[in-house]
Amino acid sequence: MGEFRPLVFSGVQPTGNLHLGNYLGAIRKFVALQDGNDCIYCVVDMHALTAQLVHEDMPGQIRSIAAAFLAAGIDPVKHIVFNQSAVPQHAELAWIFNCVARIGWMNRMTQFKDKAGKDRENASLGLYAYPSLMAADILVYRATHVPVGDDQKQHLELARDIAMKFNMDFADHIRRTGTGIDITVGEEPVHAYFPMVEPLIEGPAPRVMSLRDGTKKMSKSDASDLSRINLMDDEDAIAKKIRKAKTDPEGLPGDIAGLAGRPEADNLVGIYAALADRTKPEILSEFGGQQFSVFKPALIELAIATLAPVTGEMRRLMADPGHIDAVLRDGSARARERAEKTMKEVRDIIGFLQ
Ligand code: AMP
Ligand code: TRP
């Protein structure tokens, strides 16, 4: 039994401003995974067309996500930072996956239901096929580990289903072409071309919630700017938003059990823990019994100390678009080479002449 070479892949859409949820749920994990792993981080610009076709400043949006990656500390020389559309093999594999995935699978995707809303007939075909392109992003590199926020879990399960069906349906072809490796999935031995991707979701803030409503996800699309901390917010804005964050009248409990039924308190403790790189029990053992009037100023101080250097570096990078473009071009060229190697084998497995 073999194993796929570990490879980390993740993507962020260039739509709107990045917020604390993106930073703690995704980007901060990307940075931590760099040590000891081969990583590919992608600005998924083709995904950005699924909900809204025309974007006023697409180049600026793409550069700002790339700048956030670099400002947070991702090394684009040791690893790969690029934009999706520059590697057309993603779209090529996505087409094949559109033919692997079943309509019944797509119909279960909760994000499609949420984003399409009531007027489903008017949603783009791309929005419906979105998770198939996402599977292709990952599997075109045969990547094995994917750091994401909790909201992407279902999409990664779909990526596993697609990989499994491809492996099974093309088993004979994979054997004939000598491109697969023997792995075990659960107890089951499988001759696989594509690995079963592992989601990396854990941590104290896998789902950062709105500062106005602890039952709603912090999101780019929330009408209230007070609901989120944007990565480009200045110190005053961060302080104001945390000060105004919704809480309940009680103080902080001494243990996790005491957070049950208190979504706003739970959220702020999770944010503190993630920013401090500590666990929620550790934070509660320090602040248990204290009022929010003590906890909030501590959180403000920590949030500013952690985010201000990233924001400052992002601003500095955004002032030199030529540098960002050069980083993306270099990353795209290296990504393309790897993706083309996979696609040559995939075309061969399917039986396309090339
Ligand atoms: P998106 O901006 O939708 O492309 O999301 C980029 C990354 O941020 C994905 O890994 C998401 O799962 C993650 N993410 C987005 N919102 C949140 C949130 N409120 N809490 C935690 N992670 C999030
Ligand atoms: N769907 C992800 C999001 O909205 C972005 C994404 C696209 C992605 N392709 C990916 C994440 C591949 C991880 C791996 O957050």
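1. A polar contact, as the term is used here, is a pair of N or O atoms within 3.5 Å. Keep that cut-off in mind for Gln 13: one of its backbone N or O atoms lies 3.0 Å from an oxygen atom of ligand 1, so the pair counts as a polar contact. Please remember as you read that this is a predicted model.

2. Gln 13 is a good residue to find on screen, as it also turns up beside ligand 2. There it is a polar side-chain atom of Gln 13 that lies 3.3 Å from an oxygen atom of the ligand. So a reader can follow Gln 13 to ligand 1 through its backbone and to ligand 2 through its side chain, both pairs being within 3.5 Å and therefore polar contacts.

3. Now for the rest of the surroundings of ligand 1. There are 17 residues around this ligand, and Gly 149, Asp 151, Val 208, Met 218 and Lys 220 come nearest. Two of these five reach ligand 1 with backbone atoms: an N or O atom of Gly 149 is 2.9 Å from an oxygen atom of the ligand, and one of Val 208 is 2.8 Å from a nitrogen atom. On its own, ligand 1 exposes 490 Å², of which the protein buries 92%.

4. Which helix gives the largest share of the shell around ligand 1? It is H1, spanning residues 20-33, with 4 residues. By type, the shell of ligand 1 is made up of 6 nonpolar, 7 polar and 4 charged residues.

5. Turning to ligand 2, you will find 13 residues around it, with Gln 13, Tyr 130, Met 134, Asp 137 and Gln 152 coming nearest. Side chains are worth a look here. An N or O atom in the side chain of Tyr 130 is 2.6 Å from a nitrogen atom of ligand 2, and for the side chain of Asp 137 the corresponding distance to a nitrogen atom of the ligand is 2.7 Å. Of the 360 Å² of accessible area that ligand 2 has by itself, the protein covers 90%.

6. Strand E1 (8-12) and helix H6 (125-139) each bring at least two residues to the shell around ligand 2. Helix H6 gives the most, with 4 residues. The shell of ligand 2 holds 7 nonpolar residues, 5 polar ones and 1 charged one.

7. Finally, where do the ligands sit? Ligand 1 is in the largest pocket, and ligand 2 is in the largest pocket as well.

Conventions. Residues numbered from 1 in each chain as written. Chains lettered and ligands numbered in written order. Predicted model: local features only at pLDDT ≥ 70, side-chain atom pairs only at ≥ 80, totals over all residues. Heavy atoms only, no water. Near = heavy atom within 4 Å. Polar contact = N/O pair within 3.5 Å; in protein donor to acceptor, adjacent residues only side chain to side chain. Areas by Shrake-Rupley, 256 points an atom, 1.4 Å probe, with all protein chains shown as cover. 1 Å grid on protein atoms, 1.4 Å probe; cavity = no way out; pocket = protein on both sides within 12 Å on 5 of 7 lines; lining within 4 Å. Sits in = over half its atoms within 2 Å of the grid points. Nonpolar A, V, L, I, M, F, W, Y, C, P; charged D, E, K, R; others polar.
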